[in-house]
Each structure stands twice: as C-alpha cells, then as structure tokens.
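Hi everyone, thanks for coming. Let me put the structure up on the screen, and then we'll walk through it together.

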Protein chains: 2
Amino acid sequence: MRSDYEPKKVPKQARSRATFDAIVEAGARLLVERGYAGVTTNHVAETAGVSIGSLYEYFADKEAVVYEVVRRAAQGFSEDAARPLPALEGAPIDEGIRRWLDALLSAMRSREALLRAIDSDVPLELREPHRRQAWARHLALARAAYRMAGDQVRQDRENEVSFLVVTLVDATLTRLVLDPPRDVCPDTLLDELTERVVEWVAPS
Amino acid sequence: MRSDYEPKKVPKQARSRATFDAIVEAGARLLVERGYAGVTTNHVAETAGVSIGSLYEYFADKEAVVYEVVRRAAQGFSEDAARPLPALEGAPIDEGIRRWLDALLSAMRSREALLRAIDSDVPLELREPHRRQAWARHLALARAAYRMAGDQVRQDRENEVSFLVVTLVDATLTRLVLDPPRDVCPDTLLDELTERVVEWVAPS
DNA sequence: TGCTAACCTGAGCAATCGCTCGGTTTTACT
DNA sequence: AGTAAAACCGAGCGATTGCTCAGGTTAGCA
C-alpha cells in the first residue's frame, strides 16, 4: 500500500506528452470495458500503442495509471459542473439550486460509463483523494452561495447542514445515474429534492 | 463476468460445515487485513487451515468466496439493525426515527473494519446484490412504520420521499462511520438528520 | 554536425495466480 | 464389518502478472 501515486516523471516534449496521454486514455478505456482487474500494465501499453517500457517511464505501477485516470475524470467533472454556476448569481434560491442540480446531473451523465467503472471496481485508495477534492470544491461553492444569500438562510448548525446537503445531493445523483430506481420518476425526484434542500437551508 | 456466485455445494455434515465456515471467516479476515487483491484462493485455504482442494469443493472460484463473505456481513448487519425496532411500536415519530438511526449506526460501527474493506475494494458485482437487499428491507420497514403512523404523515410523492430518506440516511451513516468529518459533531449531525427526516415525512 | 538528454523498445524473468485431478480418509448407514 | 457417499488432500500445471534492463531512436541545442 503506497500513498504516492503521482506520475514518476512529467513529459517535457510533445511526443512524450502524447505517449502519456495515450496511456491514460487506454487505461480509461480498459477500465470501462474490462473493469479494474482487466487493467494490466501489459495490456494498457498494448492498447495505447506504446511499449511496456515507456509506460514504466512515467508510471510507477498499475495503480499510478488508474490514479491518473481517476484524477482526470474528477477534474473534468468538476469543471463541467462548475461552468454554469456564474450565470446564476443573483437568481432566486430555488432556481439556483435546481440549476445546480441539473448541472451536476448532466456532468455525471456525460461520463456515466467511466463513473460506473470507477465506482464499481477501483480501490478506495485510488479514488478517495479525488472524491474528497471534488467534495471540497462543492462544499466551498455551497458555502459561498450561502454567504451570498445573506439573511435568507439559516445560520445555526452551518457545518452540519452543508454536510448533509452535500451528502444527500451526491448520493441521490449518483444513484440516479448509476442505478436508476424503477418506482421513482427522476424529474419528480429532482423537484422534491430541490424543495427539500430549499426548505432546509432557507426555512420560510 | 458470471452472475451466479452461490456456493456450488452445501455442506451436509458437521465437519464440512466447519470447513465451509472456516473458509468464509478466513476470507473475511484476509479481506480486512489485505484488501480484495490480497484474497487469493491459495491464501484463503491456508489461513482457514484447509486444503485448496476443499475450498473448490464448495466455491466455484474466488469471487464466490467473497460473495459469501459479503452476504454474511449484510445479513448480520440487517439483523442487528432490525432487532431494537419492535420495542418502538407506538413511540412518537421523532423518538422512533432517532432510535432507528442509533440502531443502524451501532450495527455499522460494530463491523466497521469489514464494512470498510467491502466498501473500499470489493467489486460492485459482488456487493451490490446484498446492498440492494438490505435497502429493500429498510424500505419495507420504513413503509410499514409509515402506514402505522397513519394520518400523521404526508401521502403525496411517497416513493420519492422514501427514496430520499433512505438515500440520505444510508449515505450519512456510511460516511460518519468510514470517513468521519472533522468539523462536524456526530451527535448534532444525528439530531439535525432526525429533524429533517421527521419534517419530510410528517410536516407539521 | 555532433553531442547529450529525453524518449522509446520488447524479450523475457521471477513470482504468483486460479484451479485441476488422482487419490486418501472419514462418515453414515446397513 | 462392509460399502458407498461425503469430505478432504496438496503437488503442480498452464497462464498471466508486474516489472526490469540493456540497448536503440529521436529531439533540442550549440
């Protein structure tokens, strides 16, 4: 059990950057198509069209490759999810929350297969750091919005409330994307979720 | 990717039942101590004090062993979590919910290490069936309680509300046990959680 | 043009894996 | 006591794994 999964060397030329990217992309593809157990260093190198030796130039081991795959997915997700937010400044709180949920949901849906593979199979050690980071970003956004809302929102138990809100949103959307329940209508669910969060954060 | 992980043979004599149990227990131990990748059939057999041939008498492969480990954990958890419930009949709704949360939390805490190992490392395929089942049990209990509460509770969007409740409770408790947040007081968190659930289910 | 550092190659090793199979021992039942 | 079924054994096979290493190729710069 290592703790540093960072790439052991950063590519400096365009050629090597392409090699590096090809490896990460091949890793992602194999992860989706064959699961974590199917991601073997030999196979990744072959899929990337690169020699096994090159792979070990940049990555310490198999784990480091997967770590990088997860890192990129998490980063792309956070960027997509944050992009529509600035346009919401000053909007009413219920509309803002609903839009935020929609943004998160579509960011998740657009990388559903990869999310599923990561969630299903990748050891916690490799995915947890990035999950934590994404959480921290969302929490920060939520708190910023909180402050902007000023006296519209409740002030007590701020830590607990934001923890629960982020937990609920994360779990609900994840389940909605990866394991959609049969007896629940997604749109109604989002409506209900929005109402609950609004009422929770800004009780009238 | 198989879909049937059930044991290939059920032990009929006391001796073989002991063998079977030893294998499952060794599997659980190795899962906790070395993670999913550390659970190898040779190693499990050795740890169980049983020959590798015996292991394959009862289990089709490595996955089947882990599946059984998860099954037992989920079963034990559900039993522990349901045990204190009958005593709550007729209690006020907020007290009932709080006690239910406490029961769930302590059932989780008492098998923390195993839960962590399962959640961290075990492929979704092997853990999802049991997770689903535990969910279904909790939902059934929740709905039974719902009906018992009669006109105290709201009737619209029942599916959506119970989905959100179970999602929130599950995610919150899991996180509380496996990855306790630093800036949140567990007791206050449970208080807030109880209040939210009560308000959702039985708005005054 | 030549030199150095960056980059790439792939045969193949040592270790380990899941799993088989031929055979022995124990149990239940007559 | 005899017998068949149940249970157990473990050496070892074939396949695969993660990874090394000694040497070739390309890019950047003087």
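Let's begin with the cysteines: the count is 0 disulfides over all chains, where a disulfide is a pair of cysteine sulfur atoms within 2.5 Å. A:Cys185 is partly exposed, at a relative accessible area of 34%, and B:Cys185 is partly exposed too, at 33%. On that scale, buried means under 20% relative accessible area, exposed means over 50%, and partly exposed is in between, using a 1.4 Å probe and protein chains only.

Before we go on, a word on where this comes from. This is a predicted model, in which local features need pLDDT of at least 70, side-chain atom pairs count only at pLDDT 80 or more, and totals for chains, interfaces and linings use all residues. Residues are numbered from 1 along each chain as its sequence is written, chains are lettered from A and ligands numbered from 1 in the order written, and side-chain values use heavy atoms, with hydrogens and water left out.

Now to the DNA. Which residues come nearest to DNA strand C? There are 24 residues around that strand, and the nearest are A:Lys12, A:Ser16, A:Thr19, B:Asn42 and B:Asp61; "near" here means that a heavy atom of the residue lies within 4 Å. Of the atoms of DNA strand C within 4 Å of the protein, 68% belong to sugar or phosphate and the rest to bases.

Zooming in on polar contacts, which against DNA are pairs of N or O atoms within 3.5 Å, a polar side-chain atom of A:Ser16 sits 2.7 Å from a phosphate oxygen of strand C. The backbone joins in as well: a polar backbone atom of A:Gly53 is 3.4 Å from a base oxygen of strand C. As for helices (DSSP runs of H or I, at least four residues, numbered from the N terminus), α3(A) gives the most to this surface, with 5 residues.

Over to DNA strand D. It is surrounded by 24 residues, the closest being A:Asn42, A:Asp61, B:Lys12, B:Thr19 and B:Gly53. Sugar and phosphate make up 70% of the atoms of strand D that come within 4 Å of the protein. Phosphate oxygens of strand D lie 2.3 Å from a polar side-chain atom of B:Thr19 and 3.0 Å from one of A:Tyr56. Here α3(B) contributes the most, with 5 residues.

That's the tour, thanks for listening!

Methods. Polar contact = N/O pair within 3.5 Å; in protein donor to acceptor, adjacent residues only side chain to side chain. Helix = DSSP H or I, 4+ residues; strand = E, 2+ residues; numbered from the N terminus.
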